[in-house]
Amino acid sequence: QGQHQRGELEDLVLGETELAQQCLHPDGGVILELGDVLQRGGLVAFAAADGKVLWRRALGDNQITAAVASKVAGQTILVVGSADGSLTALQADSGTPLWRQVELDAIRSPPALVAHPAGALVVMASKYGMVRGLDAATGRERWHFKTGDRITAAPLVTTIGGRAAAIIGSYDRQLYALDLGDGQVLWRYTARGGVFSAAAVAPT
């Protein structure tokens with residue numbers, strides 16, 4: 001299982017930058033993910049109204065996923081994964097680190113950050129083939145599920161028969177529907193090859 005760590009991260013020092021991904025702050029603002037040739041990637045938050053830099057935060061790796069943001073326990077948090085296996089949650093208003101989980105392999109897809117009766121949940125997946133449900137406020141693991149091969153697809157969160165679920169594919173040729181409460185398999189589909197892209201749900 002992943003290791004739970006806390007602590008401050010170094011301030012971001014940008015050299016030659018490359019724009020990687022961006023996400024919108026729920027309260028207004030843009031958060032960009034930047035990296036340089038020395039593998040010193042991180043996040044920069046801008047005010048959407050005038051482009052003013054609000055904060056910068058280094059993550060130590062310039063191969064980071066798209067970020068997701070949502071309100072949790074009265075504050076807006078931002079969660080981002082990295083090729084070094086770390087999943088980091090920060091306060092979206094200040095960039096202050098809240099928690100970090102370290103996975104056994106690279107995290108190539110953005111996590112999902114969703115509301116749940118037991119408390120807000122982060123659903124993440126890694127090239128180790130592991131899917132984890134983490135408490136969004138603390139980073140503590142609530143459940144995990146191991147697939148048979150690596151995962152590069154982002155989890156899709158939906159409702160199945162009144163139950164909150166995450167649908168995610170793996171290179172083991174399976175598409176899984178997992179219960180968000182305990183990670184149990186609701187159903188699975190066997191494809192002809194590895195499933196490496198995210199699923200979609202069509203409205204009915």
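## A pair of strands in the middle of the chain

Let's start with strand β11, which covers residues 121-125, and strand β12, which covers residues 130-135. In this predicted model, the two run antiparallel and are joined by five bridges. If you want a place to look, find V123, which sits opposite G133 of β12.

These two strands belong to an open sheet of four strands, ordered β10-β11-β12-β13 and paired in the antiparallel way. The edges are taken by β10 (112-114) and β13 (141-146); each has a single partner strand, so one side of each has no neighbour in the sheet. On average, neighbouring strands here are turned by 15° against each other, ignoring direction.

## A hairpin further along

Now move on to strand β14 (residues 156-160) and strand β15 (residues 163-169). They too run antiparallel, with five bridges between them. Within this pair, V157 faces A166 of β15.

Together β14 and β15 make a hairpin with two residues between the strands. One residue to pick out is G161, which takes a positive phi near 55°.

## Two nonpolar cores

In soluble globular proteins, nonpolar side chains tend to be buried together. Here, the largest nonpolar core contains 15 residues. Those with the most contacts inside this core are I77, V79, L87, W99, L113, V122 and A136. Two or more residues come from each of β6 (68-72), β7 (75-81), β8 (86-91), β9 (97-102) and β11, so you meet strand β11 again here.

Which residues does L87 touch, leaving aside those up to four places away in sequence? Its partners include V79, V80, G81 and W99, and also V122, M124 and L134. There is also a second, separate core of 14 residues, and A125, W143, F145 and A166 are among its members. You have already met A166 as the residue opposite V157.

## The chain as a whole

Stepping back, how many helices and strands does the chain have? The count is zero helices and 17 strands. Of the 204 residues in the chain, 50% are buried.

Take the contacts in the chain with a separation of 6 or more: 38% of them join residues 24 or more positions apart. Finally, the accessible surface of the chain comes to about 9800 Å², and carbon and sulfur atoms account for 49% of that surface.

How values were computed. Residues numbered from 1 in each chain as written. Predicted model: local features only at pLDDT ≥ 70, side-chain atom pairs only at ≥ 80, totals over all residues. Heavy atoms only, no water. Buried < 20%, exposed > 50% of the residue type's maximum accessible area, 1.4 Å probe, protein only. Contact = heavy atoms within 4.5 Å. Areas by Shrake-Rupley, 256 points an atom, 1.4 Å probe, with all protein chains shown as cover. Pairing = 2+ DSSP bridges. Axes fitted to C-alpha atoms, helices over the stretch in contact; angles between N-to-C directions. Core = buried A, V, L, I, M, F, W, Y, C linked by side-chain atoms within 4.5 Å.
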